[in-house]
Amino acid sequence: MSFGSRALAAMQAYGPACVGIDPHPELLEEWGLGDTVDGLERFAAACVEAFAGQVAFVKPQSAFFERFGARGVAVLERTIADLRHTGSLVILDAKRGDIGSTAAAYATAYLDDDAPMAADAITVSPYLGFGTLAPFFAAAEQNDAGVFVLALTSNPEAPQVQHALTGTGDTVAGSILAQLRAANAGIEPMGPLGAVVGATIGQTPEDLDINGPLLVPGYGAQGGTLADLGRIFGDVRESVIVSTSRGVLSAGPDVAALRESVQRLNDDLVGSWS
Ligand SMILES: O=c1ccn([C@@H]2O[C@H](COP(=O)(O)O)[C@@H](O)[C@H]2O)c(=O)[nH]1
């Protein structure tokens, strides 16, 4: 089944929430685990127990695993494998991007179903040129996977680049969204190519209807609210995946408390907004 179909089915089954697995040093300490590989391993195991098959999407943040070197990456690899095929789709947040030939290697590493680190979807950066993303798109098509392209990110520094005008008068973000729209055109129920659009961007004149999923970080710890979601995504709410990491993880380490926190998040999103 295509990533677009799987994403919509998961949202229908569980709600639109995505939980980020971001083992911040502070969270490892707060959970009483210690900022060590052993702590990381126990943190990740608790997240798998709490979220696998309980939420539509889980988004491990690669950076927090990579900082422990090879042993941290091994924990990430196990975490992804344990989460996959549980009903929850794994979006690996690694924001990869490079010249085409290297992008092809990244695409194999993260989207080829036979690769040790294969996820259901990955985040990528288009700032080496949208065309360099072609290997990711091809790998997504071959493996029924998804790709989320940074478009309007949640950080305050983003407008300097993403609101800049291109030679055709579009903004950089608008041009990325337009190219995603073209690539997803005609695909039912929606295409596999998504955009990352933050819950913190205020209002945007850009057309967010790309016939593909929108991954929306910035809700919760970064200040994004239900009102922001309504204002920014009112017209495209069926395709919105709301992602939060610290907003849920701060309820840990108790597995039941983590599950309750996700349930509350989904209830809030479904009841008040989506
Ligand atoms: O525009 C973006 C793209 C990605 N992120 C990532 O999402 C989480 C946010 O964590 P919170 O604790 O919910 O703030 C983190 O992994 C970021 O790298 C983003 O925030 N904004």
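Helices (H or I, at least four residues) and strands (E, at least two) are DSSP runs, numbered from the N terminus. This is a predicted model: local features need pLDDT of at least 70, side-chain atom pairs count only at pLDDT 80 or more, and totals for chains, interfaces and linings use all residues. Residue numbers start from 1 along each chain, as its sequence is written.

**Exercise 1. Find where proline 189 lies, and what kind of peptide bond joins glutamate 188 to proline 189.**

Step 1. Proline 189 sits in the loop between α9 (172–184) and β6 (193–197).
Step 2. Read omega for the bond: it is about -5°.
Step 3. The bond between glutamate 188 and proline 189 is therefore cis.**Exercise 2. Do the same for the peptide bond from glycine 252 to proline 253.**

Step 1. Omega is near 10°.
Step 2. The bond is cis.
Step 3. Proline 253 is in the loop between α11 (246–249) and α12 (255–272).

**Exercise 3. Describe the backbone and surroundings of lysine 95.**

Step 1. Place the residue: lysine 95 belongs to strand β3 (residues 89–96).
Step 2. Check phi. Lysine 95 is not a glycine, yet its phi is positive, near 45°.
Step 3. Count neighbours. A residue is buried with 20 or more other C-beta atoms within 10 Å of its own, exposed with 12 or fewer, and partly exposed in between; C-beta atoms are placed from the backbone. Lysine 95 has 18 such atoms within 10 Å, so it is partly exposed.
Step 4. List contacts (C-beta atoms, placed from the backbone, within 7 Å). Beyond its neighbours within four places in sequence, lysine 95 contacts Thr123, Val124, Ser125 and Leu150.
Step 5. Consult the record. An unreviewed UniProt entry annotates Lys95 as "active site". UniProt positions follow the numbering used here, feature names are shortened, and annotations may be inferred rather than shown by experiment.

**Exercise 4. Is aspartate 144 buried, exposed or partly exposed?**

Step 1. Aspartate 144 lies in the loop between α7 (134–143) and β5 (146–152).
Step 2. Its phi is positive, about 55°, although aspartate 144 is not a glycine.
Step 3. Aspartate 144 has 16 other C-beta atoms within 10 Å, so it is partly exposed.

**Exercise 5. State what the annotated domain covers, and how far apart its end C-alpha atoms lie.**

Step 1. The unreviewed UniProt entry gives "domain: Orotidine 5'-phosphate decarboxylase" for residues 16–261.
Step 2. The end C-alpha atoms of that span lie 14 Å apart.
Step 3. Residues 16–261 are 40% helix and 17% strand.

Notes: Contact = placed C-beta atoms within 7 Å.
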